[in-house]
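Welcome! Here is a friendly walk through a protein chain, from its overall build down to a few pairs of strands.

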Amino acid sequence: PVGRAADAALEQFRPDVAVDAEGNALAVWDQAPEGRDEEDIWANYYSAEEQSWGTAELIENTDTGPALFPRIAIHTDGDAVVVWQQVNEEGVRDVWSNRYTREAGWGTEERIDNGSGDARLPQVAIDPSGTAVAVWYQSDGDYDSVYSSRLPSNGVWSDPTPIEDEGGDARRPQVATDSVGAVVVWEHEKGSRSVVFANRATADGSWRREERPIDFAAGDSAEQPHVATDGSGYAIAVWRQFDGTSYKVWFNRYTDAAGDWGTASVIEAPVAGDVSTPQIAMGPAGTAVAVWSQFDGVNYDIWASRYTQGASWGIPERIGASNQGEALNPRVAVDADDGAVAVWTQPDGPETAIWSNRYTEGSGWGVAERNNPAATGSAESARVAVGPNGNAVAIWTQFVRGTEQIWSSRLQQRAPQ
């Protein structure tokens, strides 16, 4: 079913969603209270058994400045952690967090950074033991640096740790976790270009502190990195990099057996136009799916390629809705059976709609479908999460009669044809 995930007709923005092993979902977003411009962080719980959302809850009540960009991660047992950035009384951005448990619900919000400079765009992931790893970038007065903090399942947040010291601005980190620890990638300014750097932490939180560039060693900028892990020591990072003619999707693999990253390579697509916002997700067996938006000379469309452990990337396929106009900002999730669900925004008549496509093992990609109802207004900011059984929850911002609202759709696993 498609419908609102929030029960208040107020301005709601920037959603995120996570799904546990039973198919239950937690959604978070920032929301502006009536008569105020300063957003708060809200959450709602989706019951797979009842197939319905509950009542939205305010999970941040610091009453300072705007709280924005919430990101959520969930453990298989249903416990979850959300992080966000929030402006304090001095006008400086801090990183805050709240924890959800199945037994007690949401706890009390707490600040997790301890610096005096702006802290921005936190991300979070949870490893198999239930330990959460948060990353963000923060100004130290000279540069923006990447920091990390850990939250054990029955513990407290650790003191923030800088995980790079290269000099120059390091920004927009992304994190993934597995049984070995955590992997973080980020953009790092090196002179006139940006470079994709990475670092690896062990399960006890010890960072290698041998952070290094993992992109193609050339003079062309690399940006928009994203990373995923398979749960057993393998990681794949993707990003876009300019080759002198156009931006292409590049990737690199980390193997725990080798204890290092390999050689960066390009994922060649049948069209030659610029790519944007590459994303990647991995299943427990090491199968990965990368998606991106790429210009074909007329429009941007959504493309996907699949990586099989021990083999290579398959031939990229166009998975967007044909002849619908600019398809942008894809997101992808992979289930335990190596199936995948991708969502993105793309026009449908006068509206920008939320579209999705599903990959099923043995059948390949299906036909792109519109998720949000027609004639309800344009939509944006699509996110998706999938449970081990293949049931997925998509969430987005929907414009309804001049108000931005959080809507969702549940994509139920289909039987093989």
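To follow the pairings below, one definition helps: two strands count as paired if DSSP finds at least two bridges between them. Strands E4 and E5 meet that rule, as they pair in the antiparallel sense over 2 bridges. Please keep in mind that this is a predicted model.

**The chain as a whole**

The protein chain has 36 strands and 0 helices. Its C-alpha atoms fill a box of roughly 50 × 50 × 35 Å along the principal axes. Does the radius of gyration point to a compact globule, or what else does it suggest? For 417 residues, a compact globule would have a radius near 22 Å, and the 20 Å of the protein chain agrees with that. Of these 417 residues, 59% count as buried. Among contacts between residues at least 6 apart in sequence, 45% join residues at least 24 apart.

On the outside, the protein chain exposes about 16,800 Å², and carbon and sulfur atoms supply 45% of this area. The chain carries 30 positive and 63 negative charges, whose mean positions are 4 Å apart.

**Strand E4 and its partners**

Strand E4 covers residues 40–47, and 7 of its 8 residues are buried. Which strands pair with E4? The table lists three pairings of E4, each with a facing pair of residues.

| Partner of E4 | Bridges | Sense | Residues opposite each other |
|---|---|---|---|
| E3 (residues 25–31) | 7 bridges | antiparallel | Asp30 and Ile41 |
| E6 (residues 57–58) | 2 bridges | antiparallel | Trp42 and Leu58 |
| E5 (residues 52–53) | 2 bridges | antiparallel | Ser47 and Ser52 |

E4 and E5 also form a hairpin with 4 residues between them. In that turn, Gln51 has a positive phi of about 55 degrees.

Strands of a sheet pair through backbone hydrogen bonds, either parallel or antiparallel.

**An open sheet further along**

Another place to look is an open sheet of 4 strands, in the order E25-E26-E27-E28, with antiparallel pairing. Strand E25 (275–282) and strand E28 (317–318) stand at the edges with a single partner strand each, so one side of each is left without a neighbour in the sheet. The partner of E28 is strand E27 (residues 300–307), and the two pair in the antiparallel sense over 2 bridges. Within this pairing, Ala304 stands opposite Glu317 in E28.

Note on methods: Residues are numbered from 1 along each chain as its sequence is written. This is a predicted model: local features need pLDDT of at least 70, side-chain atom pairs count only at pLDDT 80 or more; totals for chains, interfaces and linings use all residues. Side-chain values use heavy atoms; hydrogens and water are left out. The radius of gyration is taken over C-alpha atoms; the globule rule is 2.2 Å times the number of residues to the power 0.38. Buried means under 20% relative accessible area, exposed over 50%, partly exposed in between (1.4 Å probe, protein chains only). Contact means heavy atoms within 4.5 Å. Accessible areas come from the Shrake-Rupley method with a 1.4 Å probe; for residues, only the protein chains shown count as cover. Lys and Arg count as positive and Asp and Glu as negative; His and the chain ends are not counted. The place of a charge is taken as NZ of Lys, CZ of Arg, CG of Asp or CD of Glu.
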